[in-house]
Amino acid sequence: MGLNALNERVKRDLAYLNYGAAGWVPPRTSAEGHIYDVVIVGGGQSGLGAAFGLMRERIPNLLVIDENPKGREGPWDTYARMVTLRTPKGLTSIDLGIPSLTFRAWWEALYGASAWEALDKIPRGAWMDYLRWYRKVLELPVVNETKLTLIEPVEQGLYRLHLEGPGAPGAHLLARKVVLATGVQGGGRWHVPPMIEERLPRSLYAHTSEAIDFTSLQGKRLAILGGGASAFDNANHALADGAAEAHVFVRRDKLPSVNPIRQMEGSGMIERFHTLTDAEKYRVISHFFQTNQPPTADMFERAAAWPGFVLHLGSPWLDVEASEGRVTVTTPHGREIFDFLIVSTGLISDPALRPELRLLERHIKRWGDVYAPPTGEENALLDQHPYLSPGFAMRPRNEEGEAILHGLFVFNYSALASCGLSASAISGTRNAIPKLVAGIADQLFTDDKPAILDAYFNYDTPEFTVTWRPAAAPAKAQS
């Protein structure tokens, strides 16, 4: 039907829902400047969806900041190198139940209904184009090239956000609530094994999360460490760009074949994760970490079709050694020499690793503070995840931390242990955003409850203004 027609349909649908009605949160002022009710850090799919959800809740005094240039928020146009998304095309996400805002509506507006039926999986670039459209059609308040460097508590429920970057609206912003919608790496940092990080020069390796100049690797022999989906994404990408060989090394004797996300999507676990006990949540996410996400069959076949692709199973790296601008990798099966290494070894979630949280992180409660798993079920990676409320709010370790953390929300991958597959996957956002919005709105209401109740009890604006005038009594009949 065309994109212009879809844009009009979105506006009409939102008008039917009274979208854009006046906000209800009492404004606050400061001699230092404007106070936002909410600042969302991160303008990718989670941040955009959270902004829309809050505006639907009539909380419009918000701002989204993102450190990337406009249109390059999130991984899709940067380090994500899959050809298509792994999520089934029919799952909805940041549309929040509005049909005209779905990816399908956008795709059909551009290419027609038959093109949707013919589509197998969503192309990665198309998903990024959809996010750009979503931001534009909803007129979401996003400023780009603005990096958060520090969250400074001013008083209970008020933060000074220190900013830098050419797009920053100032050196500081004031916010009552801060949402860290900072993606997969936003709860910690990408992991590089110490054996590599401490022994090799940076010129000889890169993590899959980094910008990699694949043209400089044309004709080269590459080694990729890791058996997850991104390892095969990068192997295919490198070979397509002209690398001579891409060797994928996997510690396990066979590749993972089961994707637990598919089971979670259909079982109700994503929607009802908050009903699980701590012990059940711990077991579920620990199993998720151990199972790993396999490559899609089409991506594996795409990578394996290149003549230079080699898969090494049961091949953990025992040693790496740099010599004359190359790297020797030792596995149980021998030694091989490569020109460059690509590391696909995931990430570590821990608030202590985030520089913007350096004034706060000692107060943030972790899973290791509240739950001791049975012997043999310990998971050190999970223990460092923040222990969050069902509404994604940080919880304090002690009484001192209550005032300092009141108003901080974690909507990135590190919410996985507490809130399940929510902010960490496309398939979880449809369920997660309403919970986040409710958590923020409840806090704002509770913070302002005295003023709101006072306004209620003193409300005296007349609504019924009709004056009743009784009809004149009929004249008595003359006798």
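Strands count as paired once DSSP finds at least two bridges between them. Helices (H or I, at least four residues) and strands (E, at least two) are DSSP runs, numbered from the N terminus. You're looking at a predicted model, where local features need pLDDT of at least 70 and side-chain atom pairs need 80 or more, while totals for chains, interfaces and linings use all residues. Residue numbers start from 1 along each chain as its sequence is written, and side-chain values use heavy atoms, without hydrogens or water.

**Exercise 1. Work out the order of the 5 strands in the open parallel sheet, and find its edges.**

Step 1: Follow the pairing across the sheet, and you get S8-S15-S9-S10-S11. The pairing is parallel.

Step 2: Look for strands that pair on one side only; these are S8 (205–207) and S11 (309–312).

Step 3: Check the twist, which averages 20 degrees from one strand to the next. (Axes are lines fitted to C-alpha atoms, for helices over the stretch in contact, and angles run from 0 to 180 degrees between N-to-C directions.)

Step 4: Zoom in on S10 (residues 245–249), which is joined to S11 by 4 bridges. Ala 246 has Phe 309 as its bridge partner in S11.

Step 5: Now add helix H7 (residues 229–240), which packs on the sheet. H7 touches S9 (221–225), S10, S11 and S15 (340–343), with contact meaning heavy atoms within 4.5 Å. The directions of H7 and S10 make an angle of about 170 degrees.

**Exercise 2. Describe the open sheet of 3 strands and the hairpin that joins S13 to S14.**

Step 1: Read off the order, S12-S13-S14, where the pairing is antiparallel.

Step 2: Pick out the edges: S12 (319–323) and S14 each pair on one side only.

Step 3: Ignoring direction, neighbouring strands here are turned by 20 degrees against each other on average.

Step 4: Count the links: S13 (residues 326–331) and S14 (residues 334–338) share 5 bridges. Val 329 sits opposite Glu 336 in S14, and Val 327 has Phe 338 as its bridge partner there.

Step 5: Trace the hairpin, and you'll find that 2 residues carry the chain from S13 to S14.

**Exercise 3. How do the axes of H16 and H17 cross, and which residues meet?**

Step 1: Take H16 and H17 (residues 449–457); their axes come within 5 Å and cross at roughly 70 degrees.

Step 2: That angle makes H16 roughly perpendicular to H17. (Under 35 degrees is roughly parallel, over 145 roughly antiparallel, 65 to 115 roughly perpendicular, and the rest oblique.)

Step 3: List who meets whom: from H16 come Phe 445, Thr 446 and Asp 447, and from H17 come Lys 449, Pro 450 and Ile 452.

Step 4: Sort these contact residues by class, and you get 3 nonpolar, 1 polar and 2 charged. (Ala, Val, Leu, Ile, Met, Phe, Trp, Tyr, Cys and Pro are nonpolar; Asp, Glu, Lys and Arg are charged; the others, Gly among them, are polar.)

**Exercise 4. What lines the largest cavity, and what lines the second largest pocket?**

Step 1: Get the terms straight. On a 1 Å grid over the protein atoms alone, a cavity is a set of points where a 1.4 Å probe fits but cannot get out; a pocket is an open set with protein on both sides within 12 Å along at least five of seven lines, and lining residues have an atom within 4 Å of a point. Volume is the space filled by probe spheres set on the points, joined across faces, edges and corners.

Step 2: There are 3 cavities of 30 Å³ or more, and the largest holds about 70 Å³ of space.

Step 3: Its lining includes Ile 270, Glu 271, Phe 392, Cys 419 and Lys 435. H9 (269–272), H15 (416–419) and H16 (426–447) each supply at least two residues of this lining, with the largest share, 3 residues, coming from H16.

Step 4: By class, the lining of the largest cavity has 6 nonpolar, 4 polar and 2 charged residues.

Step 5: Turn to the second largest pocket, with a volume of about 250 Å³. It has 19 lining residues, and those closest to its centre are Lys 70, Arg 132, Trp 133, Arg 135 and Lys 136.

Step 6: H5 (124–138) is one of the helices that supply at least two residues of the pocket lining, and H5 gives the most, with 7 residues. The classes in this lining are 9 nonpolar, 3 polar and 7 charged.
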